[in-house]
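Please open the model in a viewer and follow the selections below in order. The tour begins with a sheet and ends at the contact between two chains.

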Amino acid sequence: MLKVNNSKVIKDLAKTTYTANKKRNLLTIAAIFFTTFLICTVISIGSSYWDTVALRQKRMQGMDYDIALTEPRDDQVSAIREMDKVKYAGLSVKCAVLSKYEDRELDKIRLFWLDNVCWENQTIPALDYYSGEYPQKENEVMLSKSALNAMGIKDPEIGMELPLIYQTLEESSNNKEIAKTFILSGWFLDYSGADKGFVSEDFYRTTGVHQTDLTQGELKISLTNPLYSESDITEMQNQIELSGNQIIEADYDTISNFCKTIIGLLALLFLVFLSGYLFIYNTLYISINKDIRYYGQLKTIGTTSVQIRKIIYKQMFWNTVIGIPLGLIGSSIVGKVVIPQVLHALNPSIAVSDIKAVSIWVFAAAALFSFATTIFSSQKPAKIAMNCSPIEALRYIGAPSSNVGEKVRNGGDIRSMVKTNLFRDKKQFFVIMCSLSLAISLFLVINVVIYANNATNILNHSYDYDLRILNQTLLSDNEKQAISPDLIKTIKDTKGVKEVRVLESTTAVVPYQENVYGEYYKELYQSRYSPGDYDKDIELYKKQPDYYSFTCRIIGIDDLEFERLNQTLEKPLDKDAFENGDTAFASSIFIKKGNGIVGKKVMFSIPGDSPQNEEASVEIGALLNNDPAYYSAGYTPDLIISDEYFEKLVKQPLIEMIKIDYEEAFSESTESSIMNLIKDNPLVSTDSKLSRYSEMKNSENQITILGGSIGLIVMLLAISNYLNMMSGSIQNRSKEFAVLESIGMTRRQLKKMVVSESLCYAFLSIVIAIIIGIPAGYFVFKNLNIYGIPFEFPLINNLILFLVIIVVCATSTLLILRKTKDESIIEILRRNDM
Amino acid sequence: MNILSVQDLKKYYQMGENTVKALDGVNLDIKEGEFLAIVGTSGSGKSTLLHMLGGLDNPTSGKILIDGKDISKLSRDELTIYRRRKIGFVFQNYNLLSHMNAYENIVLPIKLDGIQPDNNYITEILRLLKLENKKYSMPSQLSGGQQQRVALARALASKPAIILADEPTGNLDSRTSQDVLGLMKISGQKLAQTIVMITHNDEIAQMADRIIRLEDGKIMKGGE
């Protein structure tokens, strides 16, 4: 066969077809634009979002390291630093605590000495910012912002004098208070919420604390590959000969957690790509019947299948040549200009140039994906047109439904027409539904991810109060009622306060009771926290039950705190029995298992306070994982009893703390009202969820903007998907609408029918999205939930999207229909016959 | 009494620099119950006139009075309702809705008016048009002639005062054509319907009470 040179004709034909279908091509370009834009923007903003979340996580830990060796010896430090697997190994030793600044009691601000590696490579990267220098001189100190706040210093200055009282953590120091005037060499902000400070090596040497002292010294190790297994740690242990109580603190779930995160992110990425794919596919599929009829016409005049395919590809190529660059430009503008500017406006310390550049690979991947999807999706009408005769193609009215026979239906009213219209082409219906529901599902899932990484949710989960006021005099020589009943009443009456929980406490003597604590003490002395020699100590315990190591705290709690603690238990305690003092909770700080404590009656006495120093007793009803109190005594588990019983036992009960819950969490006005009430009380310290949140503000703003942008973009995608679908569908059905009008359907009826159809699409896709999106969201949440917060469906955001979709569906349909109203029926009929 | 009256009706299209005069000052009166045939060559303006009479197209100037009411003064929806109640339209290319079966196509205008169709009457039309067995067939399953009969059935079903038919027998064999015209005539007489029909077929045109001939958008014969 001779080759016929007809490429010019084909090109002209493609051009004519392309210009004739201007409106439709606009929709296709829009779909290509949105898909390219979505993929590019979601991946680039998503990675910035993820980096910021990871940075916040680092700052919440206050230090960037992977594993830690406790109580390290010098030879171990050198050996570890030599290892290939180790990137950095920095030394940190807790050597003293600050207890008083001027007349203000402090909440035990811990002072650490960090070596250069630990400060430079592991601490600085985990700080929001720092001012000044790491202490060099013996009297210099660098404090965290929260420590300075606790000291009441709002505007610190480098070189300012700080008259402080501190105790060294040297074992034989007996908590001796030492007064010293420190010089402030700098301050820093991390998100750990811990009141802490750093001191010079010279000061550390004066304290007498050694890096090998139990729980004081730690070698923080950053690995070259942060994904380590248990065998890596064992191998390291074997090389450094652990002694005594030494352990390597490591999280053996690192690899599995990493895999879970990767699976979660991949699932999310898959959803992003799939919804982009379906967006383009759906847009092209909507006009497939019309295309096939048109290609049928071309076939009748002798155009071959290969030529038709060429015509299609040429048009799609033109569409991609417009749509893809627009998408990439749009994404660059949003990712490189809009979002950095917004972030910079919110936090001027973030330079616009700091925002990570979008990788060229993301651009390439998005462009390639949109191109491939467009070409692949446009093959369908060509294939169908090629597989049938010209006349069949000319008459093509849709994929044959499963029931090709007669349809015994007696419809004709608008309701049944809506139903018929929705399902007339089941495959098309399926494609539309997939595309729409997936776009919404993606929004649901992304919202869940944003929810899981929202600081307010994380803090709500990790704090069981909005504000805690702590009596700092307890356990001192001068115990006082620092939180008076009057103060509590005033706080309760403060606007915005929901409830106040009161905890009282005192130290109790618990005589040695083999049947109750026998097993517990055996296990404790075998553990890393072993206080010393079991036989010797137990002998001492039997002889001297009030020896401080074996005392415990007795904590009296009110109804509200009881309810709160009781609901965390699988088997809650009987309230009456608890109130009467028959049962109590015990805290399980040193013990993992029950060790037979539960169900036993324990005897104890309150030194100098119990009526005639009598022994009291209570049955341990349940173990609590979290001790609700702040102060601790000896190794014997604390007992938590009702306040009524507590007040019977203790003549002058002292309030240890109050926990305040606000009507509205993170309420600044409520907090400032309460802070005003206690501002002149030097005997109390506070811990607040709001102040922790405020410290995290910088990264939180960034996370909110980035997360919000992703959410917004996906929301726009979902909405534009509807818009595209509706305008495509109305464009394609203009002849059908003209026929309906010609036989008597009013515009009003037409609007009713089309709006009902689009609302049906909206409702059905929302229902399907809820069915797919909630489990998918839960799956992704489970994999990405590093803070262990409980799953919750972010209802408000999703309801907003649902509402917007419903409104958009209804109004856009009316607007698109309105555009056709100026044409006469016969013009539309004639145009479509051509 | 005139049911339909056309006064100086003009329809001009702009085709590039040329003005095409599809209708150029047509004057026409049609009496109630009259059976009128419009003949003319292709492009003479027959279909345009029929579309104007049915309110499907907007005139450039002139008046169309139905029952003395100027339909160009009606809003689009008023016109649609008017058409639904008063006029049965048979299109040359049928204009059936492809996703609805024959029966649904036929009763659609009635149901759009919120009325339950007279099923006995529909059955009779289906029988006369030999469509009893095709009641639930989809248009794609029908031949051209069958589709034309469905379109005719749709026009008759609502018992309109005026039937406007564009080549209603164009795709039918001569036997069916006779039957269809017979039905139109009977229906016309029984319900005092006015029928305006476009045809190429002189034999069929002869069955009408009056024939008008259009040429270049003007009535050349039979206008009075």
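**The sheet in chain A**

Select first the open sheet of nine strands in chain A, whose order is S15-S16-S14-S17-S13-S12-S18-S11-S19, with mixed pairing. Strands (E, at least two residues) and helices (H or I, at least four residues) are DSSP runs numbered from the N terminus, and two strands pair if DSSP finds at least two bridges between them. Strand S15 (601-604) and strand S19 (684-688) of chain A stand at the edges; each has a single partner strand, so one side of each is left without a neighbour in the sheet. On average, neighbouring strands of this sheet are turned by 30° against each other, direction ignored. Axes here are lines fitted to C-alpha atoms, for helices over the stretch in contact, and angles run from 0 to 180 degrees between N-to-C directions.

This is a predicted model: local features need pLDDT of at least 70, side-chain atom pairs count only at pLDDT 80 or more, and totals for chains, interfaces and linings use all residues. Residues are numbered from 1 along each chain as its sequence is written, while chains are lettered from A and ligands numbered from 1 in the order in which they are written.

Next, select residues 467-471 (S11) and 655-662 (S18) of chain A, which run antiparallel and are joined by four bridges. Within this pair, A:Leu467 stands opposite A:Ile660.

**Across the sheet**

Now add helix H19 (residues 559-566) of chain A, which lies across strands S12, S13, S14, S16 and S17 of chain A and runs at about 90° to S12(A).

**Where the chains meet**

Finally, show both chains: the contact (C-beta atoms, placed from the backbone, within 7 Å) takes 31 residues from chain B and 30 residues from chain A. On the side of chain B, helix H2 (76-86) and helix H3 (102-112) are the elements that give two or more residues. H3(B) supplies the largest share, seven residues.

How values were computed. Contact = placed C-beta atoms within 7 Å.
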